[in-house]
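Reader: I'd like a slow, close look at just one part of this model rather than a tour of everything. Could you pick a spot, show me what sits around it, and spell out your cut-offs as you go?

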Amino acid sequence: LFKAKSTYSALATHVVISEIQVTGGTGATNDEFVELYNPTGSSVDLAGWRIAKKPADGSPQTNLITIDSGTIPANGYFLVVGNGYDGSVAADKTYVATGSALIAGDNTILLYSGAGDETLKDKVGMGTATDVETTATTEPGANASIERKANSSSTSESMGPSGVDETKGNGEDTDVNSSDFVSRTTSDPQNSSSTAEIPPSATPS
């Protein structure tokens with residue numbers, strides 16, 4: 001006999017920040033992106049949603065982008081990039097980032113819903129960020145990223161190429177940034193045309 005056992009500490013029920021790249025290679029400081037993931041079974045209209053960044057020194061947050069239009073598919077992704085992004089996966093939306101507007105490794109990235117109901121949906125603090133969900137996750141290196149786990153047992157290896165969690169989505173959300181994310185040595189951005197990744201609700205034990 002097999003008994004279903006949940007693989008999640010907490011499965012998100014709303015759109016979340018799923019992957020962040022801060023910088024590309026040498027001289028590509030604005031080669032950055034914020035990827036969103038929709039763990040639900042229904043598409044979400046992102047018109048009016050916005051993404052902001054907040055420095056570690058306590059300075060006020062600044063807006064990276066207010067999304068004018070776009071839909072994130074059920075169990076799918078949405079890719080928002082800086083104007084220096086050079087990845088092979090096409091952006092869904094692009095913002096202009098220079099100077100202090102660039103994402104830094106000690107920033108907090110915040111996601112707000114829109115359409116007349118602005119609510120903080122998710123935030124991810126990196127490095128020495130002070131505005132975090134419990135504790136900050138690690139700071140990503142050049143051409144690398146941080147990625148939200150598929151489930152509580154996910155690791156960098158299991159989320160990577162041919163890993164057991166590679167195609168299981170990015171739904172782990174315990175409100176502890178350090179626990180919910182892993183580091184990737186090579187970024188893996190996905191957009192609204194990428195294959196949907198349905199998080200398994202349970203595994204046999």
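**Strand 5 and its sheet**

Author: Let's start with Lys54, whose bridge partner in strand 10 is Thr108. Strands here are DSSP runs of E with at least two residues, helices are runs of H or I with at least four, and both are numbered from the N terminus. Before going further: this is a predicted model, where local features need pLDDT of at least 70 and side-chain atom pairs count only at pLDDT 80 or more, while totals for chains, interfaces and linings use all residues. Residues are numbered from 1 along each chain as its sequence is written, and side-chain values use heavy atoms, with hydrogens and water left out.

Strand 5 and strand 10 (residues 108–112) run antiparallel and are joined by five bridges; two strands count as paired if DSSP finds at least two bridges between them. Strand 5 (residues 50–54) also has four bridges to strand 6, again antiparallel. There, Ile51 faces Ile65, and Ala52 sits opposite Asn63.

Why call strand 5 largely enclosed by the rest of the structure? Because four of its five residues are buried, meaning under 20% relative accessible area (over 50% is exposed, in between is partly exposed; 1.4 Å probe, protein chains only).

Step back a little and you get an open sheet of four strands, in the order 6-5-10-11, with antiparallel pairing. Strand 6 (62–66) and strand 11 are the edges, each pairing on one side only. On average, neighbouring strands in this sheet are turned by 20° against each other, ignoring direction (axes are lines fitted to C-alpha atoms, for helices over the stretch in contact, with angles from 0 to 180 degrees between N-to-C directions).

Now over to the strand 11 edge. Lys123 lies in that strand, residues 120–125, and has a relative accessible area of 17%, so it counts as buried. Its side chain makes a polar contact with the side chain of Asp131 at 2.5 Å; that term means an N or O pair within 3.5 Å, and within protein one atom must be able to donate a hydrogen and the other to accept it, with residues adjacent in sequence counting only if both atoms are side-chain atoms. Leaving out residues up to four places away in sequence, Lys123 touches Ile17, Thr108, Ile109, Leu110, Asp131, Val132, Glu133 and Asn177, where touching means heavy atoms within 4.5 Å.

For context, the chain has two helices and 14 strands, and 49% of its 205 residues are buried.
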